[in-house]
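This report walks through one chain, from overall layout down to single residues. Keep the sequence and the coordinates open while reading.

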Amino acid sequence: MKKAVFFDFYGTLAGFNPSRFQIQSEACQQFDIGLTENGILKGYAAADQLMAEQNKINPLRLMSDTEKL
């Protein structure tokens, strides 16, 4: 008997529309910061890895507002 089913929400059941590249490019445009799609992909991968490691140590849901800064 199956007791649980897990889904990876982003990238599996949902995605970004507009794309992450478009969202970040528009945000950086006012500061004259140029981006590449590869750079955005690398940045999101690094952020995902950092958050996964952080959640092993002290999950975000258990952190105080001060700790989240």
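The sections below cover the fold, the surface, the charges, the backbone and some pairwise distances.

## Overall layout

The model is predicted. Its secondary structure consists of three helices and zero strands. In sequence order the pattern is α-α-α. The radius of gyration is 16 Å, well over the 11 Å that the globule rule gives for 69 residues, so the chain is more spread out than a compact globule.

The C-alpha trace spans about 50 × 35 × 15 Å along its principal axes. Burial can be put as a fraction: 6% of the 69 residues count as buried.

## Surface and the nonpolar patch

How much area does the chain expose? The figure is about 6,400 Å². Carbon and sulfur atoms supply 56% of that area.

Part of the surface forms a nonpolar patch of about 460 Å². Four residues make this patch: Val-5, Phe-7, Phe-9 and Leu-13. Phe-7 sits in the segment before helix H1, which covers residues 20-29. Is Phe-7 buried or exposed? Its relative accessible area is 59%, and the cut-off for exposed is over 50%. Phe-7 is therefore exposed.

## Charges and the salt bridge

The chain carries 7 positive and 8 negative side chains. The centres of these two sets lie 14 Å apart. Side chains of opposite charge can pair when their charged atoms come close. How many salt bridges does the chain have? The count comes to one salt bridge.

Glu-53 and Lys-56 form a salt bridge. Their closest N and O atoms are 3.2 Å apart, and the cut-off is 4 Å. Both residues belong to helix H2. Because they are three residues apart there, about one helical turn separates Glu-53 from Lys-56. The two partners fall into separate accessibility classes. Glu-53 has 39% relative accessibility and counts as partly exposed. Lys-56 has 63% and counts as exposed.

## Backbone details

Two backbone sites deserve a look. The first topic is a proline. The peptide bond from Asn-17 to Pro-18 is cis. Its omega is near 5 degrees. Pro-18 lies in the segment before H1, and Phe-7 lies in that segment too.

The next topic is a phi angle. Which sign does phi take at Asp-32? It is positive, at about 55 degrees, although Asp-32 is not a glycine. Asp-32 lies in the loop between H1 and H2. With 74% relative accessibility, Asp-32 counts as exposed.

## Distances across the chain

Three pairs relate sequence separation to separation in space, each taken C-alpha to C-alpha. Start with Tyr-44, a residue of helix H2. Tyr-44 and Arg-20 are 24 residues apart in sequence and 8.9 Å apart in space. Where does Tyr-44 fall on the accessibility scale? Its relative accessible area is 22%, and buried means under 20%. Tyr-44 is therefore partly exposed.

Next, return to Phe-7 of the nonpolar patch. Phe-7 and Gly-43 are 36 residues apart in sequence. In space, the C-alpha atoms of Phe-7 and Gly-43 are 23 Å apart.

Last comes Leu-41, placed in helix H2, which runs over residues 37-57. Leu-41 and Lys-3 are 38 residues apart along the chain. Their C-alpha atoms are separated by 34 Å. Leu-41 has a relative accessible area of 48%. The cut-off for exposed is over 50%, so Leu-41 is partly exposed.

## Recap

The chain has three helices and zero strands, and it is more spread out than a compact globule. Of its residues, 6% count as buried. The salt bridge joins Glu-53 and Lys-56. The cis peptide bond leads from Asn-17 to Pro-18, and the positive phi belongs to Asp-32.

Terms used. Residues are numbered from 1 along each chain as its sequence is written. This is a predicted model: local features need pLDDT of at least 70, side-chain atom pairs count only at pLDDT 80 or more; totals for chains, interfaces and linings use all residues. Side-chain values use heavy atoms; hydrogens and water are left out. Patches are made of residues with over 30% relative accessible area and no salt bridge: like charges are joined within 9 Å, nonpolar side chains (Val, Leu, Ile, Met, Phe, Trp, Tyr) within 5 Å. Accessible areas come from the Shrake-Rupley method with a 1.4 Å probe; for residues, only the protein chains shown count as cover. A salt bridge is a side-chain nitrogen of Lys or Arg within 4 Å of a carboxyl oxygen of Asp or Glu. Helices (H or I, at least four residues) and strands (E, at least two) are DSSP runs, numbered from the N terminus. Buried means under 20% relative accessible area, exposed over 50%, partly exposed in between (1.4 Å probe, protein chains only). The radius of gyration is taken over C-alpha atoms; the globule rule is 2.2 Å times the number of residues to the power 0.38. Lys and Arg count as positive and Asp and Glu as negative; His and the chain ends are not counted. The place of a charge is taken as NZ of Lys, CZ of Arg, CG of Asp or CD of Glu.
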